[in-house]
Amino acid sequence: MPRKPPLRERIVDTAVELADEVGWPALRLRRVAARLGVGLAEIRAQYADLDAVANAWLGRADDAMLAVAGRAELAEASPPDRIAAALTAWFTALGGRRRMLGSILAYKLQPSHIHLQAALVVATSRRVQWLREAARLDATGRQKSLEESGLTLLFAATVLRWLNDRSENFERTQGFIARRLALADRLMVSWIKVSER
């Protein structure tokens with residue numbers, strides 16, 4: 001008989017399953033506990049609150065993005081292609097749950113949730129740093145700062161595009177990523193040429 005995944009993983013799986021049924025805004029941790037047949041204290045021992053469960057779900061997408069770094073076929077790919085592969089892996093890992101991500105972000109961005117907004121900024125900054133690692137970007141100094149700013153804007157814009165993308169396999173979002181990366185690559189090459197003068 002196969003072993004059950006750890007409770008921490010089952011909590012996220014069950015929360016996602018319930019969110020598919022009732023929507024993220026109506027999800028309650030007591031429902032997760034009831035479906036798992038555990039007490040609320042056992043849930044709290046793993047996650048401080050529902051937002052922490054949401055962050056764990058997004059963490060799975062981060063893991064999928066980082067798995068791209070080990071793909072042999074990307075070793076010789078261009079930086080834009082590696083970034084595109086990492087971002088595609090991140091969105092693919094969300095399994096098309098656009099409403100769920102939209103609800104999570106809407107909750108975090110409510111005016112009264114300043115603490116969640118600050119945490120979202122920090123999480124996005126960290127995610128961009130891991131994106132740089134997955135894409136094997138090694139720049140330092142001013143170029144690194146430009147990459148970080150550009151990737152942060154690209155990530156935020158791509159999330160917004162993906163939330164409204166109804167194309168098969170989010171092809172429109174992937175096209176958006178490719179176009180933005182091509183433009184950024186041209187701008188970066190121009191900037192390097194100017195700075196070398």
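Which residues of the largest nonpolar core touch the most other members? In this predicted model, local features need pLDDT of at least 70 and side-chain atom pairs count only at pLDDT 80 or more, whereas totals for chains, interfaces and linings use all residues. Residues are numbered from 1 along each chain as its sequence is written, and side-chain values use heavy atoms, with hydrogens and water left out.

The largest nonpolar core (buried Ala, Val, Leu, Ile, Met, Phe, Trp, Tyr and Cys residues joined through side-chain atoms within 4.5 Å) has 54 residues, of which Val 32, Trp 57, Ile 83, Leu 94 and Leu 101 touch the most other members. The largest share of this core, 8 residues, comes from α5. Leu 101 is in contact (heavy atoms within 4.5 Å) with Trp 57, Leu 58, Leu 94, Val 159, Trp 162 and Leu 163, residues up to four places away in sequence not being counted.

Because 11 of the 15 residues of α5 are buried (under 20% relative accessible area, 1.4 Å probe, protein chains only), this helix is largely enclosed by the rest of the structure. The buried residues of α5 include Arg 82, Ile 83 and Trp 90. After α5 comes Gly 95, with a positive phi near 65°.

Asp 165, placed in the loop between α8 (141–163) and α9 (171–195), is buried yet has no salt bridge (a side-chain nitrogen of Lys or Arg within 4 Å of a carboxyl oxygen of Asp or Glu), the nearest side chain of opposite charge, Arg 172, being 5.0 Å away. The side chains of Asp 165 and Ser 167 are nevertheless joined by a polar contact of 2.5 Å, the term denoting a pair of N or O atoms within 3.5 Å, of which, within protein, one must be able to donate a hydrogen and the other to accept it, and residues adjacent in sequence count only if both atoms are side-chain atoms.

Note on methods: Buried < 20%, exposed > 50% of the residue type's maximum accessible area, 1.4 Å probe, protein only. Helix = DSSP H or I, 4+ residues; strand = E, 2+ residues; numbered from the N terminus. Lys, Arg positive; Asp, Glu negative; His and termini not counted.
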